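Here are a few short exercises to work through with the model open beside you. Try each task before you read its solution.

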Amino acid sequence: MGNVSSDADTNGERIVPMRLQKFLARAGVASRRGSENLMTAGRVKVNGIVITELGSKVDPLIDEVTVDDIPAHITDTSTTLALNKPVGYLTTMSDPFDRPCVADLVPVTDHPGLYPIGRLDGDTTGLLLFSTDGQLGNALLHPRHHVSKTYEATIEGMLNRKTIHRLEAGITLTDGMTAPARVSVIEKGKQNSIVRISIHEGRNRQVRRMFRAVGHDVCALKRISFGPIQLGSLELGHWRLLNSQETTALDEVVQRSMLK
Ligand code: URA
């Protein structure tokens with residue numbers, strides 16, 4: 001088993017010895033904390049030997065790691081994950097003024113090179129995807145690829161049919177006409193309503209500006225899907241790795257974008 005003093009896990013493209021829990025996290029088995037629990041439960045073996053000591057290191061190119069006797073590998077060097085972003089976090093990987101930023105919430109040391117795909121305003125919650133794969137980000141964000149994003153907006157007042165039609169057809173903002181959108185009312189109330197809106201553009205504060213333009217301020221905004229990925233029941237402030245079906249669905253988006 002690799003047993004070097006450095007905790008570095010990448011050296012350019014070459015993966016060098018790393019802590020076992022970091023290896024398991026990079027292999028997509030569990031979070032680093034979850035991997036530590038697997039180790040202390042005696043479920044992790046390295047070269048056939050149960051390893052419970054949390055400081056143990058492995059060389060991914062040499063050592064055979066299993067969890068419950070199932071081999072774990074770092075095969076795909078790219079990682080994509082979903083975060084449920086809370087209010088008050090900036091979509092940036094660092095902030096010169098030390099304000100809370102989304103990098104504080106995702107496993108950046110386990111997955112070097114992770115970056116957010118697009119951005120959400122500080123006061124928006126919900127689905128923010130991160131990846132180490134630059135091509136994926138380009139494919140999902142390129143305006144020509146029309147990847148749909150759905151938001152749940154709590155707005156002031158009640159939308160009437162005419163206003164829904166205006167939002168769907170496209171309205172004029174200071175930076176031009178918006179592309180067609182889909183709008184459905186989830187909950188109607190005199191004070192507030194909850195409205196779902198799907199758009200495929202990514203202009204600054206677009207959803208808030210669209211509602212304001214038709215006379216309804218947004219009180220709260222949450223993104224619930226991005227392309228084929230749903231926020232689902234992911235808790236606020238938590239992240240999860242995408243499962244294989246989601247990864248395949250995103251690969252298809254990338255493939256389709258390369259044909260355009
Ligand atoms: N539209 C907005 O107004 N804000 C966001 O964060 C995302 C879309």
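**Exercise 1.** Find how far an oxygen atom of the ligand is from an N or O atom in the side chain of T124, then look for other polar partners of the ligand.

*Solution.* Keep in mind that this is a predicted model.
Step 1: start at T124, where a side-chain N or O atom is 2.8 Å from a ligand oxygen.
Step 2: turn to a nitrogen atom of the ligand; a polar side-chain atom of D121 lies 2.7 Å from this nitrogen.
Step 3: go on to R208, which offers a backbone N or O atom at 3.0 Å from an oxygen atom of the ligand.
Step 4: consider cover. On its own the ligand has 240 Å² of accessible area, and the protein covers 95% of that.

**Exercise 2.** Work out which helix gives the most to the shell around the ligand.

*Solution.* Step 1: list the surrounding residues, which are L120, D121, T124, Y151, R205, Q206, V207, R208 and L221.
Step 2: match them to helices; α5, spanning residues 206–213, leads with three residues.
Step 3: sort the shell by class, which gives four nonpolar, two polar and three charged residues.

**Exercise 3.** Is F97 buried or exposed?

*Solution.* Step 1: locate F97 in the loop between β9 (80–85) and β10 (115–116).
Step 2: take its relative accessible area, 65%. Exposed means over 50%, so F97 is exposed.

**Exercise 4.** Which ring does the charged end of K149 sit over?

*Solution.* Step 1: check for aromatic pairs; a search of the whole structure finds zero.
Step 2: follow K149 to its charged end, which sits over the ring of F226, 5.7 Å from the ring centre.

Definitions and conventions. Residues numbered from 1 in each chain as written. Predicted model: local features only at pLDDT ≥ 70, side-chain atom pairs only at ≥ 80, totals over all residues. Heavy atoms only, no water. Phe/Tyr/Trp six-rings, centres within 6.5 Å; stacked < 30°, edge-to-face > 60°. Lys NZ or Arg CZ within 6 Å of the ring centre and 35° of its normal. Near = heavy atom within 4 Å. Polar contact = N/O pair within 3.5 Å; in protein donor to acceptor, adjacent residues only side chain to side chain. Areas by Shrake-Rupley, 256 points an atom, 1.4 Å probe, with all protein chains shown as cover. Helix = DSSP H or I, 4+ residues; strand = E, 2+ residues; numbered from the N terminus. Nonpolar A, V, L, I, M, F, W, Y, C, P; charged D, E, K, R; others polar. Buried < 20%, exposed > 50% of the residue type's maximum accessible area, 1.4 Å probe, protein only.
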